[in-house]
Amino acid sequence: MSENYYLPRSGPMPRPENVEQGREVLKQEAFDAPNVQNVSFRAQEFTAVCPKTGQPDFGTVEISYTPRDKCIESKSLKFYLWSYRDHGAFCESLAAQIADDIMWAIEAATVKVIVHQTARGGIELTTEAIREYSS
């Protein structure tokens, strides 16, 4: 995505066109970090699509990070996570991609992402990705 895309300050949030747009918004909406040691988010309504069956996969995403210079703005995170609604990806790759995208957007000292996929066919799945900043 070559042009800047910012979320409206009020009113309804537009639907993301794709994951790349959501990733760009994460970076563009980031703000200067205050003096905090850890930030945590828990998104309880996460949906992606199984790349094999096309069925929706529901779950929870937990994100915690230690900021360096920037923080993730929560509205942009909602937009970013919403961009996965029609995106086909395995749970394992979701944790990795979300962690990579957060590192790209804010260059945090550390990022930890846990994706809990709700049971389908009697099987629950939890994946975790951890990233650390290296200059």
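Where is the place of glutamine 37? I will start there, and then go through three helices and a few single residues. Please keep in mind that this is a predicted model.

Glutamine 37 sits in a loop, the one that runs between strand S1, residues 31–32, and strand S2. Is glutamine 37 buried or exposed? Its relative accessible area is 56%, and the cut-off for exposed is over 50%, so glutamine 37 counts as exposed. Its side chain has a polar contact of 3.3 Å with the side chain of asparagine 35. If we set aside the neighbours within four places in sequence, glutamine 37 is in contact with Tyr65, Thr66 and Pro67. As for distances, the C-alpha atoms of glutamine 37 and lysine 70 are 12 Å apart, with their positions 33 residues apart in sequence.

Now the helices, beginning with H1. Helix H1 covers residues 19–28, and 7 of its 10 residues are buried, which makes the helix mostly covered. Which residues of H1 are the buried ones? They are Val19, Gln21, Gly22, Glu24, Val25, Leu26 and Gln28. Some background on reading such a list: an α-helix has 3.6 residues a turn, so residues three or four places apart point the same way. The cover over the buried residues of H1 includes helix H2, residues 74–82, and helix H3, residues 91–106. The N-terminal end of H1 has a cap, asparagine 18, where a side-chain oxygen lies 3.2 Å from the backbone nitrogen of glutamate 20.

Next, how H1 meets its two partners. Two packed helices are described by the angle between their axes and the distance between the axes.

I will take H2 before H3. The axes of H1 and H2 come within 8 Å and cross at roughly 165°. Angles over 145 degrees count as roughly antiparallel, so H1 is roughly antiparallel to H2. The crossing of these two helices, H1 and H2, is left-handed. From H1, the contact is made by Val19, Gln21, Gly22, Arg23, Val25 and Leu26, and from H2 by Ser76, Leu77, Phe79 and Tyr80. Sorted by class, the contact of H1 with H2 has 6 nonpolar residues, 3 polar and 1 charged.

For H1 and H3, the axes also come within 8 Å, and the crossing angle is roughly 40°. H1 and H3 are therefore oblique to each other. Their crossing is right-handed. On the H1 side the contact involves Val19, Arg23, Glu24, Leu26 and Lys27, and on the H3 side Gln97, Asp101, Ile102, Trp104 and Ala105. Here the division for H1 with H3 is 5 nonpolar, 1 polar and 4 charged.

Back to H2 in its own right. The residues Ser76, Leu77, Phe79, Tyr80 and Leu81 of H2 are buried. What do the buried residues of H2 pack against? They pack against H1 and H3, and also against strand S2, residues 39–49, and strand S3, residues 56–66. At the start of H2, glutamate 73 brings a side-chain oxygen to within 3.0 Å of the backbone nitrogen of lysine 75. Tryptophan 82 is also in helix H2. With a relative accessibility of 30%, tryptophan 82 counts as partly exposed. Its C-alpha atom is 17 Å from that of alanine 30, and these two residues are 52 residues apart along the chain.

After H3 the chain goes through a loop to strand S5, and glutamate 107 lies in that loop. What is the phi of glutamate 107? It is positive, about 50°, although the residue is not a glycine. For background, most residues other than glycine have a negative phi. Glutamate 107 is partly exposed, at 41% relative accessible area.

The last stop is valine 111, in strand S5, residues 110–120. Valine 111 is buried, and its relative accessible area is 2%. Which residues does valine 111 touch, not counting those up to four places away in sequence? The list is Ser64, Tyr65, Ala99, Ile102, Met103, Ala129, Ile130 and Arg131. Two of these names have come up already: Tyr65 is in contact with glutamine 37, and Ile102 takes part in the contact of H3 with H1. Between the C-alpha atoms of valine 111 and arginine 68 there are 11 Å, and the two are 43 residues apart along the chain.

That is the end of the tour.

Key: Residues are numbered from 1 along each chain as its sequence is written. This is a predicted model: local features need pLDDT of at least 70, side-chain atom pairs count only at pLDDT 80 or more; totals for chains, interfaces and linings use all residues. Side-chain values use heavy atoms; hydrogens and water are left out. Buried means under 20% relative accessible area, exposed over 50%, partly exposed in between (1.4 Å probe, protein chains only). Helices (H or I, at least four residues) and strands (E, at least two) are DSSP runs, numbered from the N terminus. Contact means heavy atoms within 4.5 Å. A polar contact is a pair of N or O atoms within 3.5 Å; within protein, one must be able to donate a hydrogen and the other to accept it, and residues adjacent in sequence count only if both atoms are side-chain atoms. Axes are lines fitted to C-alpha atoms, for helices over the stretch in contact, and angles run from 0 to 180 degrees between N-to-C directions. Angles under 35 degrees count as roughly parallel, over 145 as roughly antiparallel, 65 to 115 as roughly perpendicular and the rest as oblique. A crossing is left-handed if the near helix is turned anticlockwise from the far one by less than a right angle, and right-handed if clockwise. Ala, Val, Leu, Ile, Met, Phe, Trp, Tyr, Cys and Pro count as nonpolar, Asp, Glu, Lys and Arg as charged, and the others, Gly among them, as polar.
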